[in-house]
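Student: I should like to learn how cavities, sheets and buried helices are read from a set of coordinates. May we work through one example together?

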Amino acid sequence: MAAPVLAGEGQTVAPAANPLVDPNAFQNRHYHPKGKLPSAATLALRERAARELPFADRRDFEEATRGFIAPLPSNTVMADAGHIAWDLESYKWLLQDRDFTSIHPSLQRMARLNMNAGLYEVLPGRIYQVRGLDLSNITFVKGEKGWIVFDPMITREVARFALDFVNARLGRRPVTAVVYSHSHIDHFGGVRGIVDEADVRAGRVEIIAPENFMREAISENVFAGNAMTRRSRIQYAVLLRRSPFGHVDQSLGKNASAGVPTLLAPTREVKRDIEEITVDGVRMVFQNTPNTEAVVEMNTWFPDWKAFWAAENVTATIHNIYTLRGAQIRDTHNWAKQINAAMNLFPDMEVMFASHHWPRWGNARALEVLKAQRDAYTHMHQRTLHLANRGVTINQIHNVYEVPPSLRQQWAARSYHGAVRNNVRGIIQRYLGFWDGNPANLDPPNPTEIGPLFVEMMGGAGRVIARGRELNAAGRYREAAQILQHVVYAEPGNQEGRDVLADAFEQLGYQDESTSFRNSYLQLAAELRSGMSEGAAPSSNSPDVVSAMTTAQWLDFLGISMDAPKTRGWAWTVNLITPDNGERFKIEMSNETLSSIQGFIDPKAALTITLNRADLTQVMLGAKTFEQLEQEGRVRFEGDRTPFNQLRSVLTVFTPDFEIFPGTRNARPVPSGVKPFQFALNPLTIAE
């Protein structure tokens, strides 16, 4: 077995090949002309963290390199469309033997751990992983005839690269099964890179997933998908320069790949709490863990090998209870109980591995990490509700809650991805909602309305900016941000105000251990200074995701896409019939609202539209228009087409480029150089 190396060293890509690479990364010079170096307050916080955290514990570094077989053949993977889908090379500055004072020391530790990339052996002759090729790992389990693949990453290009790499190093084998651990796109999006749909349909490849996988995979990515995409670009900062002053890590992995996300429906769902299945000669026991890290998720136990797959329920970081990109608040209480169940169901585990980070070997070590995370989630749940029952509100809890000192000293319980300050607010949101009990916060005005009033009462923008500078100089960045935001809302064209607010955000970003917080601060600082970044970024809306939408979901999305005030006074009913799958829908417009119900039609409807669902899918994808289908004799309109023409006139195609702060489009954008696959869901493609 080869000696471990980091990230395929020796591979080089000139910084000019990717504008996201910071050419000053090695020289401690900020990539942005308005950027600031860490302040004295930031340096003091960093030094305090370095003293207080258990940096002498190097077990994670030993585990992250254990089982190393070979580096990635290349640190870059090209997308089918011609751009760079994966670029680990742009982070190689992290391998310098130095501390970067603009990165929290704990986060820099995680960022270096995530630079370990290549092919790794988890269990000799049985289980292998490719790491450092996407946000998530791809796992290969050796069956009697071929590979059983767990969680094929985000996009087909990197998944295909991983399969080719594994076959080249370990011997070519067919893929006999795929397991989706849960419904987030970084665990299924690369499936078409490793299997052919024809093989799945013919039964040569089985795809196994937890019950209701398709429903959750689609619903999370569509209904609020555009807003989620924009917010993801803030939380994950995929267009931010890779630099000690910019993007350093995603905590779960280096970044998200930017190829084509795909989806194939499962052929088998795991429905029972504990279900044993033998696939390609490998015995697997699935533990269904709904309402944990995802609404549908499952762990896997390999009883013959004493190996435990923790999916994304247990990794090397505390996760999100409330994620900044936007999703349903997760059930902390149940999450902890499912970890506890795994500890007691499979107490003799000898290796624990997951869809992110590195394995833990030995029974004591695996149970140590499981216990730390079980206790971290349980304590957050219990203590937050204890404090809430004593009157601590959602707007106070993050300043009051404290992680126990014993957990603060355990790396597996640190806030790299999820942030404890954010999570405890999410717990109160789940149980009590957004209101803190103060009537002044019950019906607040818009920031653009209250901002001018605050600025006026504080003596004008000049005085607020001056006070903001004083607070920044004193290291009181949170307070500075609170007052300076009012200037931006009151005077969107005030670049000085935006710049001083950006300075506060930047220092807060440098100080934070959580990539979700760091990225959000630094991404918005960049937008305040220079405007919104150009270029597309990874999106969860892909042709496979859209094709997999049910007709009912698509009709619901039409209602979301509709600009409701423009429908004032409209009242009609339309029937939609898709003969190839036997579906019928009654669609009704009333009170500026579009409603639909499956299984019913209205004999008095103004219009009945009949077409096969296969043809409707082409419309959903934007590949065909209704007019084209009509010319081909594949759709029939019976009745008055006025409702159809009215609806298509008020539909919006959402784009994830809306402003967070007003005025951030009036500055010269920072070129991103990234043009990955982007698919905008067009609700109703009709040629005028």
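Tutor: Let us start with the terms for enclosed space. On a 1 Å grid over the protein atoms alone, a cavity is a set of points where a 1.4 Å probe fits but cannot get out, and lining residues have an atom within 4 Å of a point. Grid points are joined across faces, edges and corners, and a volume is the space filled by probe spheres set on the points. The model is predicted: local features need pLDDT of at least 70, side-chain atom pairs count only at pLDDT 80 or more, and totals for chains, interfaces and linings use all residues. Residues are numbered from 1 along each chain as its sequence is written, and side-chain values use heavy atoms, with hydrogens and water left out.

Student: How many cavities of 30 Å³ or more does the structure hold, and what volume has the second largest?

Tutor: Rolling a probe the size of a water molecule over the atoms shows where empty space is left. Here there are 8 cavities of 30 Å³ or more. The second largest has a volume of about 170 Å³. It is lined by 15 residues, of which Leu558, Ile587, Ile609, Phe644 and Leu647 are the closest to its centre.

Student: Which elements each supply at least two residues of that lining, and how is the lining composed by class?

Tutor: Helices (H or I, at least four residues) and strands (E, at least two) are DSSP runs, numbered from the N terminus. At least two lining residues come from each of α19 (551-561), β17 (572-578) and α22 (642-648). For the classes, Ala, Val, Leu, Ile, Met, Phe, Trp, Tyr, Cys and Pro count as nonpolar, Asp, Glu, Lys and Arg as charged, and the others, Gly among them, as polar. By that scheme the lining of the second largest cavity has 15 nonpolar, no polar and no charged residues.

Student: In what order do the strands of the sheet with β17 run?

Tutor: Strands of a sheet pair through backbone hydrogen bonds, either parallel or antiparallel. Two strands pair if DSSP finds at least two bridges between them. The open sheet of 5 strands has the order β19-β18-β17-β20-β21, with mixed pairing. Its edge strands, β19 (593-598) and β21, each pair on one side only. From one strand to the next the twist averages 15°, where axes are lines fitted to C-alpha atoms, for helices over the stretch in contact, and angles run from 0 to 180 degrees between N-to-C directions. Helix α19 packs on this sheet and touches β17, β18 and β19, a contact being heavy atoms within 4.5 Å. The direction of α19 makes about 170° with that of β19.

Student: How do β17 and β21 each pair with β20?

Tutor: β17 and β20 are parallel over 4 bridges, while 5 bridges join β20 to β21 (residues 635-639) in the antiparallel sense. Threonine 610 is the bridge partner of isoleucine 577 and stands opposite arginine 636 in β21. At the other end of the order, β18 (residues 583-590) and β19 are antiparallel over 6 bridges, with lysine 586 partnered by isoleucine 597.

Student: Are the faces of β20 covered or uncovered?

Tutor: Buried means under 20% relative accessible area, exposed over 50%, and partly exposed in between (1.4 Å probe, protein chains only). In β20 (residues 607-611), 5 of 5 residues are buried. Leu607, Ile609 and Leu611 lie on one side and Thr608 and Thr610 on the other, so both faces are covered by the buried criterion of under 20%.

Student: Is glutamine 553 buried or exposed?

Tutor: Glutamine 553, found in helix α19, is buried, with a relative accessible area of 12%. Leaving out residues up to four places away in sequence, glutamine 553 touches Arg215, Ile218, Ser219, Phe223 and Ala548.

Student: Which residues of helix α7 are buried, and against what do they pack?

Tutor: An α-helix has 3.6 residues a turn, so residues three or four places apart point the same way. In α7 (residues 225-235), 9 of the 11 residues are buried, including Met228, Arg230 and Ile234. The buried residues of α7 pack against α6 (213-222) and α17 (515-530). Just after α7, alanine 237 takes a positive phi of about 50°.

Conventions:
1 Å grid on protein atoms, 1.4 Å probe; cavity = no way out; pocket = protein on both sides within 12 Å on 5 of 7 lines; lining within 4 Å.
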